[in-house]
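Let's take a walk through this protein together, one piece at a time. Keep the picture open and turn it as you read.

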Amino acid sequence: MPKSLLALIAILTGLTLAAAALLPPHTPSEKSAYSLVQSTLKAPLPATSLQLTSQTLADSQFAVQLGLYPDLQQATTTAQQLSLPSVPSIFATEQNAHLWYTLLLGPYPDMEQAQSAQSQLATKGIAATNLVVWPADGASSKQSASSKSQASPNTQEQGS
């Protein structure tokens, strides 16, 4: 190799290293793909606390259920893969002594806003959703016999 070519490579390498030193260090994005509700990992919410009932409609916030998963890894993987307008939350729920991980988007202050969000998700191809009650403090004490929309763990729903 000619000496001039070696000199040019050395100069370009030096410039590349010098430029890299001037750039700020790479930091991963601080935006999380999901929010894991830690308190529900220790004390899962009863699945019935998410059901829409005539008693809960008046004084509740609402959510769009994006999926119901038998293990946490499936819920987190789905949350990371979906392109959502806001950060979804993962709640541990329990039904018939079985633990489920519910992926929710919300809360929404009224049902109309939750339905609007559900429609917007459908236009993005995320159609497997249910409207549910947003789990708030004391949500575990809310029980219902009748429901308009059930979060049934008998089928696994995926939002993509």
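Start with strand 6, which is covered on both of its faces. Asn130 and Val132 sit on one side, Leu131 and Val133 on the other, and all of them are buried. Keep in mind that what you're looking at is a predicted model. Strand 6 (residues 130-133) is also one of the elements that give two or more residues to the largest nonpolar core, and we'll get to that core soon.

Who is the partner of strand 6? Look at strand 3: the two pair in the antiparallel sense, over four bridges. To find one spot along this pairing, look for Phe62, which stands opposite Val133 in strand 6.

Now for the largest nonpolar core. How many residues does it have? There are 21, and the ones that touch the most other members are Val64, Leu66, Leu84, Leu103, Leu105 and Leu121. The elements that give two or more residues to this core are strand 3, helix 4, strand 4, strand 5, helix 5 (111-123) and strand 6. Apart from it lies another core, this one of eight residues, including Leu45, Leu50, Ala63 and Trp134.

Leu103 is a good place to stop and look around. Even if you leave aside its neighbours within four places in sequence, Leu103 is in contact with a whole list of residues. Among them are Val64, Leu66 and Tyr69, then Ala75, Thr78 and Ala79, and also Pro88 and Ile90.

Some of those contacts take us to helix 4 (residues 72-81), where Ala75, Thr76, Thr78 and Ala79 are buried. Viewed down the axis of helix 4, these buried residues fall within an arc of 160 degrees, so they line one face of the helix. What covers them? The cover includes strand 3 (62-69), strand 4 and strand 5. Turn to the face that points away from the buried side and you'll meet the exposed residues Gln73 and Gln81.

Let's stay with Gln73 for a moment. Why does Gln73 count as exposed? Its relative accessibility is 53%, so it passes the mark, which is over 50%. Gln73 also takes part in the way helix 4 begins: Asp71 caps the N-terminal end, with a side-chain oxygen 3.2 Å from the backbone nitrogen of Gln73. And although Gln73 and Tyr101 are 28 residues apart along the chain, their C-alpha atoms are separated by 9.3 Å.

Next, hop over to helix 2 (residues 38-42), where you'll find Thr40. Is Thr40 buried or exposed? It's buried, because its relative accessible area is 4% and the limit for buried is under 20%. The side chain of Thr40 has polar company in there. A polar atom of that side chain lies 2.7 Å from the backbone oxygen of Val37, and the backbone nitrogen of Ala92 lies 3.0 Å from a polar atom of the side chain of Thr40. Leaving aside neighbours within four places in sequence, Thr40 is in contact with Leu45, Ile90, Phe91 and Ala92.

Phe91 leads us to the aromatic rings. The count of aromatic pairs comes to one. The rings of Phe91 and Trp134 have their centres 5.2 Å apart and their planes at 90 degrees, so the pair is edge-to-face. This pair links distant parts of the chain, with Phe91 in strand 4 and Trp134 in the segment after strand 6, 43 residues apart. Both Phe91 and Trp134 are buried.

Follow the chain on from strand 4 (89-95) and you reach the loop between strand 4 and strand 5, home to Asn96 and Ala97. Something in the backbone deserves a look here. Phi of Asn96 is near 50 degrees, a positive value in a residue other than glycine, and Ala97 also has a positive phi, near 60 degrees. Are these two buried or exposed? Asn96 counts as exposed, at 73% relative accessibility, and so does Ala97, at 72%.

One last backbone detail is waiting in strand 5 (residues 98-108), where Pro107 lies. The peptide bond from Gly106 to Pro107 is cis, with omega near 5 degrees.

Note on methods:
Residues are numbered from 1 along each chain as its sequence is written. This is a predicted model: local features need pLDDT of at least 70, side-chain atom pairs count only at pLDDT 80 or more; totals for chains, interfaces and linings use all residues. Side-chain values use heavy atoms; hydrogens and water are left out. Buried means under 20% relative accessible area, exposed over 50%, partly exposed in between (1.4 Å probe, protein chains only). The arc is that of the directions from the helix axis to the C-beta atoms. Contact means heavy atoms within 4.5 Å. A polar contact is a pair of N or O atoms within 3.5 Å; within protein, one must be able to donate a hydrogen and the other to accept it, and residues adjacent in sequence count only if both atoms are side-chain atoms. A nonpolar core is a set of buried Ala, Val, Leu, Ile, Met, Phe, Trp, Tyr and Cys residues joined through side-chain atoms within 4.5 Å. Two strands pair if DSSP finds at least two bridges between them. Rings of Phe, Tyr and Trp (its six-membered ring) pair if their centres lie within 6.5 Å; planes under 30 degrees apart count as stacked, over 60 as edge-to-face and the rest as tilted.
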